[in-house]
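Work through the exercises below with the model open. Try each task before reading its solution.

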Amino acid sequence: MRYAELQTSSNFSFLRGASHPQEIVNAANEYGHYAVALTDRNTLSGIVLAHSTARKLKVRRTQFIVGCRLDLRNGQSLLCYPTNRKAYGNLTRLLTLGRRRASKGECWLDLADVEEHSEGQELVLPFPQVLTTQARAHIEHCANAFQGRIHQALTHSCRGDDRQWIASVADFAHTLSLPVVATNDVLYHEPGRKMLQDVVTCIREKCTIHEAGFRLEANAERHLKPGNVMARLFAQWPEALEATILLADRCRFSMEELRYEYPEEIITPGLSAFEDLRIRTLEGAKVRYPDGVSEAVHRQIEHELKLIAEREYAPYFLTVHEIVKFAKSKEILCQGRGSAANSLVCFCLGITEADPIERKLLFERFISAARNEPPDIDVDFEHERREEVIQHIYEKYGRDRAGLTATVVHYRTKRVIREVSKVLEISQESPTPQKELALQLMRQLTGFPRHLSQHVGGFVIARGRLDELVPVENARMKDRTVIQWEKDDIDELGMMKVDILALGMLTAIRRSFHMLQKHYGKTVTLASIPSDDEAVYKMLQNADSVGVFQVESRAQQSMLPRLKPKTFYDLVIEVAIVRPGPIQGNMVHPYLKRREGREPVEYPSDALRDVLEKTLGVPLFQEQAMQIAIIGAGFTPDEADALRRSLATFRHVGTISSLRERFLQGMRANGYSDDFAERCFSQIEGFGTYGFPEAHAISFANLVYVSAWIKCHYPDVFCAALLNSQPMGFYAPAQLVRDARDHGVKILPIDVNHSGWETTLEHIEGDARCAVRLGLHMVSGLAENEGKRVAQVREESGVLYTSPEELARRTGSNHRTMDRLAQADTFASMNTGRRQALWKIGAVEGKLPPLFAATTADLFQEPDADLPAATDSQEVVADYLAQGLSLRNHPLTFLRRKLKAKRAITAAELKVTPAKRMVIVAGLVLFRQRPGTAKETMFITLEDETGAVNLIVWKQVHEKHHKAVVQSQLIACWGEVQREGQVLHVVARHVWDWSPMLQGLDPDDSAPAIRLRSRDFR
């Protein structure tokens, strides 16, 4: 029996459908349905997945129909199916209208909106549960408004009275000359998903399964059914079954008809896009190679331009070039990364900073004749100024032509456990069968879409109206709009995307460059810093990398002394090797052993030697995995690209195993041993979690080197730039300041007479290095506009403040601002300490009345109070409370006597302690790390007055001392000293929470508890 199912809801009808779009299409095809339509509620988010699934079916029996359920504001609904390309554009514009006029996640549509955009649409009225007066009026209005292209759905719910009720609705439709069509109003592809559908209903309705009542479906019949079953259910209405086929035949629009076109206004008038790109590239080459463009460079440019011309990608490169040019015109630092770094054209255009000729990078990793997909250029911008670039794109192209890509937020394990347990009321006491059912449902719900969010920066820019390609909706953030498709959907349809990403280190580097120019008269750029500075590599070999991009984590600091980087490519390896992919693929230790000469460097063949030689025979990059598959296993470029996608895309994690047998057979056929083939695939499989492309690692290594160069030669500049770019990186301002002082940098306190809003540099007579003056931005709770006004009034007048009272009078600062400044002890230049300042500002009430505003008299003058002096520990506690750090002393200085009595040694003493000795160490928790590759091991870094201590806490110790490990501010640990070269750890055996000791830092004092917040990473 021929049948088309025209009403299905996938899990993109968020918390309504209980099957993936792929499952619905596959099930319909297995049943041999003539067609299947996806009709999710007010969204087209799932149609690309469904279309892609249908297109890739080995035996395709079922036509996929694009559809949508339109839920109107009056409570009624319509099913809408575009019959051609223009009608599809009308539907996407209709959805955009409803989404843009509503807040994120909602869609406000009226029947009049549907009528206005109904040209070319086929419509179906969903089966009414009750024929109320309002429902009859809605059906009658639609029958007249959309005459000749609307049907009334008949749905058999198997509740017992369906035949009578279907007959009533069919008779009413007959009176209106409204044809009927059969649907099953599908919510899941097979009956076994009924329980999951109940669970998502309860999550949506915020109730437990026992409270849900009639909100749940009465039975498990809302699944896809074979045609013969539908024929039996609708035996009395054969015309409704026949209508499904007739209606499907009219809905012949296919996603294949969508044609993406690049923007045109970025092309220089009078030139074609390719001519323009060629001219810009050759001009850029002269800038990049001032000593002359070599024959090798010229050949590579021509090779790349030929491929770009064949693929008609020139407008894409021009679009990205225009965005980068805008950023540079505004002095916004940026750098392209990812596979774009393989392109010499990108390098000449100034999009990337790494020379692919010098680095021997393969352009085909970026664009290949074997891959019919658009290039993907990622550009990092300063995180504080990226919004300027985003708004420039909106202004240049318009919101009807530019939008951010969506990201589908999926249910992950932690939330799944919480949600399902709440719905089923699962507890420790629940019976085992109930727990097993909950686990089954949790597994099914994991990976379901929860909602649409915005991509971190992926922009789609079209020549025409973007909302005629895909619906556009509001993001949560003001002045942002997002399309309803995510990155993989964009790739599937061959649409252009450029990633406008944010990177905090670029902000810090740009600030550093400005300070170098202002205070040292030195002009530098990302490309001009020499890459062979021995002092920089020596610093990194000693793991002196606090604040340095990408290599400041515990794992990286442990790797640096082992890897001992001496060249730029060593930094590329460093960036790539401390990643879950190489770690899980067991690539790290073999590489280090070969590098240290403890294991011979061997290659299984001369062909693979060319691929693996620069990484000593161990695959560390995605490109190498692809080359092994092509050369060693005989993969075609397309198959290798499928492997790359399996490695690189979180959405396809797990699919790599399906390529295993193909890979192993290919390796055997080419003469490689089973053992070697298994080890190769095991290593490659490690990339399934996360692995770096070589070009990406090179781009990041460039910033590693630049940031390390600044830290090595200008630690004052580096410290100030990092403080002004917070929050970023692993370390809090207190640790950055401490590290700068350890490097000989003088740190000056915050002071209302010397500090600007940001941290600045001050020249010290007779000293070649500047001092760092902490800025008012470091005062906890001080509003930016208030802090800037304090600095601005002082600078514009050229007159210093003489008292807190005068400052309040001149700036009009309110009592809260004055209190924050006093708490932070910022009046030292007036010989006014913290307590005196707090006393004096008690009389300050802010801005003077107009009658007294012009007076210079000190109307707040009060006699000085004879206040008791604060102890050193009180001052340190107050500093931490008001600034997050103290330049006076470290808190543990005041506890050292107690700590020594408990046999705790200092970080300095630990450095000279022999390996394998049992010690007690104690310190403030800087950060905790629990990487997924560490088998639930936690790494904790402590700090005392002499330095840092690194702890390794194994799973069993963590579980035994969980509260102390995860909640303490001051941790004590008894453990074994572990040394490997310069790398030093304490392997924890026992952990205590000594945080109560912070209550009184001085034995004779009652100072308040110091509050510290660690930076914890997972």
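**Exercise 1. Trace the pairing around β12.**

Task: find which strands pair with β12, and in which sense.

Step 1. Strand β11 (residues 402-410) pairs with strand β12 (residues 449-461) in the antiparallel sense, over eight bridges. Strands here are DSSP runs of E, at least two residues long, and helices are runs of H or I of at least four, numbered from the N terminus. Two strands pair if DSSP finds at least two bridges between them.

Step 2. Check one bridge: Thr 407 has Ser 453 of β12 as its partner.

Step 3. β12 also joins strand β15 (residues 498-503) through two bridges, again running antiparallel. Here Gly 458 is bridged to Asp 499 of β15.

This is a predicted model: local features need pLDDT of at least 70, side-chain atom pairs count only at pLDDT 80 or more, and totals for chains, interfaces and linings use all residues. Residues are numbered from 1 along each chain as its sequence is written, and side-chain values use heavy atoms, with hydrogens and water left out.

**Exercise 2. Complete the sheet.**

Task: give the strand order and identify the edges.

Step 1. Strand β10 (residues 377-382) pairs with β15 in the parallel sense over six bridges. Ile 377 stands opposite Val 498 of β15.

Step 2. The open sheet has seven strands, ordered β9-β10-β15-β12-β11-β14-β13, with mixed pairing.

Step 3. β9 (334-337) and β13 (472-474) each have a single partner strand, so one side of each lacks a neighbour in the sheet.

**Exercise 3. Read two helices.**

Task: locate the buried residues of α28 and test the length of α9.

Step 1. In helix α28 (residues 660-669), Phe 663, Leu 664, Gly 666 and Met 667 are buried, meaning under 20% relative accessible area (1.4 Å probe, protein chains only). Viewed down the axis, the buried residues of α28 fall within an arc of 165°, so they line one face of the helix. That arc is taken from the directions of the C-beta atoms from the helix axis.

Step 2. Just after α28, Gly 671 has a positive phi of about 90°.

Step 3. Helix α9 (residues 238-250) has 13 residues, which should span 18 Å at 1.5 Å a residue; its end C-alpha atoms are 19 Å apart, which agrees. The expected span is 1.5 Å times one less than the number of residues.

Step 4. Buried residues of α9 include Leu 241, Ile 245 and Leu 247.

Terms used: Buried means under 20% relative accessible area, exposed over 50%, partly exposed in between (1.4 Å probe, protein chains only).
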